[in-house]
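Me: Hi! Could you walk me through how the chains meet in this one? I'd like to go over the contacts and then the charged pairs.

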Amino acid sequence: MLIFVFRRAVLALLVCVTVLVVSFALTRLSGDLAASIAGPNATAEDVAIIRKNYGLDRPLTRQFADWAEAAASGDLGRSYLYHAPVAGLIRVRLPVTLTLGVSGLAIALAAAIPLGILAAMREGSAIDRGIMLVALLGQAMPSFWLGLTLIIWFGLNLQWLPISGIESWRGYILPAIVLAFSAIPALMRLTRAGMVDALSADYIRTARAKGLSRSKIVLKHALRNAAMPVVSIAAVQLGFMLGGSIVIETVFALPGIGYLAWESISKNDFPVVQAVVMILALFYIGLTLLADLMNAVLDPRLRAS
Amino acid sequence: MTPVLEVENLRVDFSGRTAAVRGVSLQVQRGETHCLVGESGCGKSVSALAVMGLLARGAVREADVLRFQDTDLTRLNERGMARLRGDKMAMIFQEPMTSLNPAYTIGSQMAEVFERHRGAGRRAALDRAAELLGRVGITAPGLRLGQFPHQLSGGLRQRVMIAMALMCDPELLIADEPTTALDVTVQAQILRLLQALQRELGLSLLLITHDLGIVARMADRVSVMYAGEVVESATAEALFAAPTHPYTRGLLACIPVPGTVRRDQPLGSIPGTVPRIAPGFSGCGFRDRCTHARPACAETIALRGAAPGHLYRCVLPADWT
Amino acid sequence: MIPGFERHEVAGVLKLRHLATAFGGLIVGVVLLVGIFAPLLAPHDPFAQDLMHRVVPPAWMGGSPANWLGTDQLGRDYLSRLIYGARISMLIGILTVVTSGTIGITLGVLGGFFGGRMDDVVMFVITCRLSIPLILVALTVVALLGSSLTLVILTLGLLLWDRFAVVARTTTMQVRNLDYIAAARASGASLAHILLREVLPNILSHLLVVATLEMALAILLEATLSFLGLGVPSPLPSWGLMIAEGKDYMFFSPWVIMVPGAALFVLVLGINLLGDGLRDLLQAERV
């Protein structure tokens, strides 16, 4: 078991490093960084000065090494745009995105799992087909369009919920719902498939033969076995949501990492881009690792091997 | 004396597509081992599941009489059946490998039956489980309680299944081919165990099998099934001494007996295969493979007596050759 | 199968599924045709601005029949832009899938067939790819290299190959051990022949299902990128871009975002229905 964890961790680390190197190379390869920082009206001299000041004249490997070293001690550089430490920017915005992601996942699980279980128990019936239809529709809906539509509807017609900003916790509701929408179809299908398999297993027949109650059979015996893939997918979905937050935060004007990412990318604020890529990649990789570990914990058969 | 289980004219069909059981009647007396024997596909497992009420959705079950002790099973809803199952009526299955939930310990799975039907607490249930594990011949029961199914061998798992079935001291144990998936040596152990338990606990056993050897060894009474119906029913001795139905005779002729089989003599066999019966089929299901078939075989045939307590379903007289 | 526990399919369910798949195919077919014949179908030039008639509502909401779906903030005919947008979406979908499919299938087949070191490398590459947030990378690339249709297609094509690779790898591993592969080897067939003529045809159907899903994803991603301003550049009539451009007016003229959004939704739905239907067909065959 320990070996398994160790191997996965090492792999995760390798992947992380690769991602960082590649993203670093990408930002540097896009042409003359100094020129784009200087702007269109700069003279050649200005550009040269900027290049010197930002250390852009040194070899790439040197630049990366410096960046990595600074990053390890928490210094992620300074934003070209905000003229403030990147680490500070991230620290302020990260909680917003995390809140959004976690609430989105919570809503998604609260909706998808019961519906998936219901669809599996009534497999082949009209309810099952209806639920699967909902999954299909959710999959096809562009999240930003859904967000805008909800904004129009709530903003114009209903006026209950705020449509932008996070002055109150209510500001998270609409964005979290939209985020959940993107994860619900996959989670629902997976729960349903897992439950259908579990319910047709021999040990369910045994449980019935023992006279256990319906709820016990479904919730204790079937769900436990069906839950394993769902748990790991949920972790992965959270990762997707962090990526999806880029769109959602932009639509709802939430000051989170996603919005920061979009902003810094469109405005070529490279230190921020580099840092955001690193943070998001770390989360992604971490979540996948977590998912694998949870799988191992939940399935006693995996633990032994 | 009221039989523990009384079944008369049990019929099961699946969504109008297959008539899996076309008329099974049998009785299991207290303390008796009744073997239901037949080839795969004859409907014996389905009959057992039907008695327990474990058929899938889409299966239709009907019976003239389906009684467990004094309870009419046809009148019980799912809740009522669930109360009986695991408590007074228990069932064990063929595949011990997959019949236990891989995610929970042996102890947990055994305890929940006792907790459910006796309202006992976890501690009491686990003590009872340990006691029963010892009863079925498993050493170090305390250790086993904490283990997971995949840590046990097939034979051990089947013993656990038996112990689990006995948790609430059932009156009737239905065993659906309990030894088929096990090694030959383990088979013998399990059968011995079942016999011992029966003697000690006064258990009534409905044993389903395709193996006549097991029948010879275990059965007090035998019902032979073919294509969804019981074609012969007698005590074990009577069945082996005077098999009456052509199918039963064919089956017994298939068994090579050391000393009586000569070289250059073909082994007995019954040509053809078991048919799939569609609804609306009437008459004897064996007629396409029977050397003595005649037009009357296409009509519904009632059970007749070959001797007291020995019934068979055929148009031929009991002493035909 | 345990007797009595077979799952019995009601005949009606099967028919509904066929209907849904056909419906999906119809949608995709219609959009494809619209895209191909856009110049013939569009009533106006999608790029022609008419600043005298900006943000005109659709004909049934008080507009004029000249612009059936109204006009956008620069007076361009919405219907024409919608039609040409179909062209862009289909182009993106098909070309991206071709690119990503080629990359993914090659990687997957190589890893699945040869196993060992090659497979380790392939798995590592796949894991790397799965560890990066798609939108982030796509955004970054486009921001750095400038937005253009070609670049978007290339970027998405170079990013969306992971599912192809995973499915190709798994199915190749299943097929690798079957008898006809051994027979081909035994009769001295070349590696290329085995891979192209024995392995590939047998995993193709699964890959087709993946292709439809990836196509839908590509179209959605492009729309998202364009919406964020980092996809297809203005003035191209990408549906996503149209939504972005209409965002400022959406409270007064909601159709500006409803129309292209609905078009996206319907197209992606159609592709998914088609893909699901294909997958069900596959499973039915196997059983």
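Me: How many residues does the contact take from chain A and from chain C?

Reply: Happy to help, and do keep in mind that this is a predicted model. Chain A gives 50 residues to the contact and chain C gives 43 residues.

Me: And what area is buried between chain A and chain C?

Reply: About 4,100 Å², with carbon and sulfur atoms giving 80% of that. On the side of chain A, the residues that lose the most area to chain C are A:F144, A:W145 and A:I265, together 16% of what that side buries.

Me: OK, polar stuff now. How many residue pairs are in polar contact across the interface of chain A and chain C?

Reply: The rule finds 3 such pairs, both residues being at pLDDT 80 or more. Several helices of chain A give two or more residues to the side that touches chain C, including α1 (2-29), α10 (214-252) and α12 (270-298). The largest share comes from α12(A), with 8 residues. By class, that side of chain A has 32 nonpolar, 12 polar and 6 charged residues.

Me: How many salt bridges are there between chain A and chain C?

Reply: The count is 1 salt bridge. A:R189 pairs with C:D276, and their closest N and O atoms are 3.1 Å apart.

Me: Is C:D276 buried or exposed?

Reply: C:D276 is buried, because its relative accessible area is 14%, under the 20% cut-off. Its partner A:R189 is partly exposed, with a relative accessible area of 22%.

Me: Switching to chain B: which residue forms a salt bridge with B:E95?

Reply: That would be A:R205, with the closest N and O atoms 2.9 Å apart. The pair crosses between chains, running from helix α9 of chain A to the loop between β7 (89-92) and α3 (96-99) of chain B. A:R205 counts as buried at 4% relative accessibility, whereas B:E95 is partly exposed at 25%.

Me: And what does B:E78 pair with?

Reply: B:E78 forms a salt bridge with A:R208, the closest N and O atoms being 3.9 Å apart. B:E78 sits in helix α2 (residues 78-84) of chain B and A:R208 in helix α9 of chain A, so this pair joins two chains. B:E78 is partly exposed, with a relative accessible area of 42%, while A:R208 is buried at 19%.

Me: Last one: how many salt bridges are there over all chains?

Reply: A search of the whole structure finds 29. In chain C, the residues C:D72, C:R76, C:R81 and C:E245 are linked in a network of salt bridges.

How values were computed. Residues are numbered from 1 along each chain as its sequence is written. Chains are lettered from A and ligands numbered from 1 in the order in which they are written. This is a predicted model: local features need pLDDT of at least 70, side-chain atom pairs count only at pLDDT 80 or more; totals for chains, interfaces and linings use all residues. Side-chain values use heavy atoms; hydrogens and water are left out. Contact means heavy atoms within 4.5 Å. Buried area is the accessible area (1.4 Å probe) that two parts lose on being put together, summed over both. A salt bridge is a side-chain nitrogen of Lys or Arg within 4 Å of a carboxyl oxygen of Asp or Glu. A polar contact is a pair of N or O atoms within 3.5 Å; within protein, one must be able to donate a hydrogen and the other to accept it, and residues adjacent in sequence count only if both atoms are side-chain atoms. Helices (H or I, at least four residues) and strands (E, at least two) are DSSP runs, numbered from the N terminus. Ala, Val, Leu, Ile, Met, Phe, Trp, Tyr, Cys and Pro count as nonpolar, Asp, Glu, Lys and Arg as charged, and the others, Gly among them, as polar. Buried means under 20% relative accessible area, exposed over 50%, partly exposed in between (1.4 Å probe, protein chains only).
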